[in-house]
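This report covers selected local features of one protein model. It takes up loop geometry, a helix, charged pairs and a surface patch in turn.

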Amino acid sequence: MTMSVAVADWTEIKDFIHQNASSPDLAAVRNSFSDFLSRTAPQDVFKVAGFLSLAHPFYLPPVDKATADALTLTLTQFGELLMRARLTAAKAEQPRVLVACMPKSASTFVTNCLQQVMGVPNVALMGASLTRQPLHSMGITLREQETDELALIQHGCNGVGYVAQHHVRCTPYLCHQLEMYGIRPVVTYRNVFDSFVSLDEMLVGNRRRLSENFTTDALYFDDGMPDTYADLDDETRYMLLVDRQVAWYLQFFLSWKRCEALGLVAPLWVSYEQDFLQNRQGLALRLANFIGTQHVRPEALLDVLARNGGEKTDRFNKGVTGRGRRLPESVRARIRAAFEPYRQDFDFSGILPDDEALQRPSSASAECVL
């Protein structure tokens, strides 16, 4: 005889979700969730089914048509529930931070530091799920990391707040979402040349580390690169990466600057070179004041930021400037050519150094997390 699970035993439910929700096998997730639901005390089935639905974007409890019909919402009822959910998320007195980041701009380290000091979860806003991993297991990485309103509502109602980290370009639509749900945007950026070198290093390392345990299809949906990427020569890899990514880099920086100039958003800008590498004390104070010192104590954040290293989930690399000097001239020329049509519209010196700056040796050489 199986034991039923009471709704009061949330620890068991959370442990079960943690162990089962992240499988890439959707059928296995659905079966395990439904089996758990079948062992739930009858009076609690409805509540637990709702919690399981929050935990995974593709889970629905197995019910017959008569039960589904009995649970049907009218458009009016849906509108009322949506309004209440939006109001709850929008009016909640809790910290909500979006770290919008250029690749390899210390965003993971900054995000983890904020999460640790604030005592809030690190959530994904591009899909509805209690944790980040189920979304990645379902192959979401190649999608544009646009914010999903259901996720904004769900995490906005969690009662504690959150930090989210996404490679997301800015749009007026996103700005309205940020304003509506009280989200504070922190934008991290870095020298484009250095970023490409660091990104390539990460992709090659991931491919070599994961190739034994992941299929080629799984690797492709993680980074979008050809199966032979890690075996190509440096110039071929760099050019392939630049051809795929350079327009995104340009649009990321320009979109946030344009929306800021239009008065649609007022982000906190964090430079990898000027803030993260050279002035972490100032960075800690700026972040705390921007998010709110009632949520982030500057001295606590500085203590965490000042450490060289981090948790095992951080991505480690050489924390230096000037790594882009190793890029072949053909690759640097390709990057400059992509930016050239926009030069008269905007100043990209914050991320695109001139030739003279590129030749200067790096003065920063601390080990850090990217």
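Ala 106 sits in the loop between S1 and H6. The model is a predicted one. Although Ala 106 is not a glycine, its phi is positive, at about 70 degrees. Its relative accessibility is 0%, so Ala 106 counts as buried, the cut-off for that class being under 20% relative accessible area.

Lys 104 lies in the loop between strand S1 (96–101) and helix H6 (107–118). Lys 104 is also a residue other than glycine with a positive phi, here near 60 degrees. With a relative accessible area of 7%, Lys 104 is buried.

**Helix H12**

Helix H12 covers residues 234–261, which is 28 residues. At 1.5 Å a residue the helix should span 40 Å, and the distance of 38 Å between its end C-alpha atoms agrees with this. The axis of H12 nevertheless bends, by about 45 degrees, at Gln 245.

Both ends of H12 have a local feature to note. At the start, a side-chain oxygen of Asp 233 comes to within 3.2 Å of the backbone nitrogen of Glu 235. After the helix comes Gly 263, which has a positive phi near 80 degrees.

**Salt bridges**

Side chains of opposite charge can pair when their charged atoms come close. How many salt bridges does a search of the whole structure find? The search gives 14. Three of these pairs are set out below, each with the distance between nitrogen and oxygen.

| Basic residue | Acidic residue | N to O distance |
|---|---|---|
| Arg 297 | Glu 299 | 3.1 Å |
| Arg 332 | Glu 329 | 2.9 Å |
| Arg 343 | Glu 340 | 3.9 Å |

The pair of Arg 343 and Glu 340 has its closest N and O atoms 3.9 Å apart, and the cut-off for a salt bridge is within 4 Å. Arg 343 is partly exposed, at 36% relative accessibility, and Glu 340 is partly exposed too, at 47%. Elsewhere, salt bridges with shared partners link Asp 200, Asp 234 and Arg 237 into one network.

Glu 329 and Arg 332 both belong to helix H16 (residues 329–339). They are three residues apart in that helix, so about one helical turn separates them. Their side chains meet in a salt bridge at 2.9 Å, N to O. Is each partner buried or partly exposed? Glu 329 is partly exposed, with 48% relative accessibility, whereas Arg 332 is buried, with a relative accessible area of 10%.

For the pair of Arg 297 and Glu 299, the N to O distance is 3.1 Å. Arg 297 has 48% relative accessibility and therefore counts as partly exposed. Glu 299 also has a value of 48% and counts as partly exposed.

**A nonpolar surface patch**

Which residues make up the nonpolar surface patch? Leu 73, Leu 75, Phe 78 and Leu 81 form it, and its area is about 430 Å². Phe 78 is located in helix H5, which runs over residues 75–91. The relative accessible area of Phe 78 is 44%, so Phe 78 is partly exposed. That value fits its place in the patch, because patch residues must have over 30% relative accessible area.

Terms used: Residues are numbered from 1 along each chain as its sequence is written. Side-chain values use heavy atoms; hydrogens and water are left out. Patches are made of residues with over 30% relative accessible area and no salt bridge: like charges are joined within 9 Å, nonpolar side chains (Val, Leu, Ile, Met, Phe, Trp, Tyr) within 5 Å. Accessible areas come from the Shrake-Rupley method with a 1.4 Å probe; for residues, only the protein chains shown count as cover. Helices (H or I, at least four residues) and strands (E, at least two) are DSSP runs, numbered from the N terminus. Buried means under 20% relative accessible area, exposed over 50%, partly exposed in between (1.4 Å probe, protein chains only). The expected span of a helix is 1.5 Å times one less than its number of residues. The bend at a residue is the angle between axes fitted to the seven residues ending there and the seven starting there. A polar contact is a pair of N or O atoms within 3.5 Å; within protein, one must be able to donate a hydrogen and the other to accept it, and residues adjacent in sequence count only if both atoms are side-chain atoms.
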